[in-house]
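Here is a short briefing on one chain. Read it with the coordinates open.

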Amino acid sequence: MDRAVSGRQAMTMVGRPENKRPASLVSKRSPAPKKEAAKEAALKKALGGHAHQAKLAIRIVVLAVVCIYAAVSMILLGAKYAAQEEKLELLKQRRDELQSELAVLAEQEEYIGSAEYIEQAARAKLGWVKQGEMIFQKDE
């Protein structure tokens, strides 16, 4: 075997056969890569050589699950939103009713504080009569 070797390599190779490497350069392989390769080969064999298609199918399934989850979440949030909109409308109606009731009560309060109401209440409840008025009563 004729190989071009640099000066430094020639010096380290002196006294050793060409096909031997120094012990420091020999990689110590663990049996794990062989087992991983065997597992991968078994997976390929089990899948009939369609490992890429299997990975793609897994990705598609995961994507489908995520899309379904998102769709269900959107539907549920839409239903919740619709319920809240309905509740808001009911609350607005109730507010309008209370505002109209408040307006009626404010008018009553204003009337109750007037001299006209006081006179009317005194006549009805206390039987008050102005000087010179005649009272007609029904006999029962």
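A residue is called buried under 20% relative accessible area, exposed over 50%, and partly exposed in between. Y111, at 33% relative accessibility, is therefore partly exposed. The model is predicted. Its chain has four helices and zero strands.

**Confidence**
- The mean pLDDT of the chain is 80.
- A value of 70 or more is reached by 71% of the residues.
- Helix α3 (residues 51–112) has the highest confidence, at a mean of 94.
- Helix α1 (residues 7–13) has the lowest, at a mean of 51.
- Where pLDDT is low, the predicted coordinates should not be read in detail.

**Fold and surface**
- From the N terminus on, the order of elements is α-α-α-α.
- The chain has 140 residues, and 2% of them are buried.
- About 13,800 Å² of the chain is exposed. Carbon and sulfur atoms supply 61% of that area.
- A nonpolar surface patch is formed by I58, V62 and V66. Together they have about 280 Å² of accessible area.
- V62 sits in helix α3. Its relative accessible area is 48%, so V62 counts as partly exposed.

**Helix α4 and its end**
- Helix α4 covers residues 115–126, which is 12 residues.
- At 1.5 Å a residue, helix α4 should span 16 Å. Its end C-alpha atoms are 16 Å apart, so the model agrees with the expected span.
- G127 comes just after α4 and takes a positive phi of about 75 degrees.

**Aromatic pair**
- A pair of aromatic rings is described by the distance of the centres and the angle of the planes.
- The count of aromatic pairs is one. The rings of Y111 and Y117 form an edge-to-face pair, because their planes stand at 70 degrees, with centres 5.3 Å apart. The cut-off for edge-to-face is over 60 degrees.
- Y117 has 26% relative accessibility and so counts as partly exposed. Y111, at 33%, is partly exposed too.

**Salt bridges in helix α3 and beside it in sequence number**
- Side chains of opposite charge can pair when their charged atoms come close.
- The whole structure holds five salt bridges.
- R94 and E97 form one of them, at 3.7 Å from N to O. Both residues lie in helix α3, three residues apart, or about one turn of the helix.
- R94 is partly exposed at 44% relative accessibility. E97 is partly exposed as well, at 46%.
- R95 and D96 also meet in a salt bridge, at 3.5 Å from N to O.
- R95 has 46% relative accessibility, so R95 is partly exposed. D96 has 40%, so D96 is partly exposed.

**Salt bridges around helix α4**
- Which residue does E133 meet in a salt bridge? The partner is R123, at 2.7 Å from N to O.
- This pair links distant parts of the chain. R123 is in helix α4, E133 is in the segment after α4, and 10 residues separate them.
- E133 has a relative accessibility of 36% and counts as partly exposed. R123 is partly exposed at 27%.
- E119, R123, K130 and E133 are joined into one network by salt bridges that share partners.

Note on methods
Residues numbered from 1 in each chain as written. Heavy atoms only, no water. pLDDT = per-residue confidence, 0-100. Helix = DSSP H or I, 4+ residues; strand = E, 2+ residues; numbered from the N terminus. Phe/Tyr/Trp six-rings, centres within 6.5 Å; stacked < 30°, edge-to-face > 60°. Buried < 20%, exposed > 50% of the residue type's maximum accessible area, 1.4 Å probe, protein only. Expected span 1.5 Å × (residues − 1). Areas by Shrake-Rupley, 256 points an atom, 1.4 Å probe, with all protein chains shown as cover. Patch = residues over 30% accessible without salt bridge, like charges linked within 9 Å, V, L, I, M, F, W, Y side chains within 5 Å. Salt bridge = Lys/Arg side-chain N within 4 Å of Asp/Glu carboxyl O.
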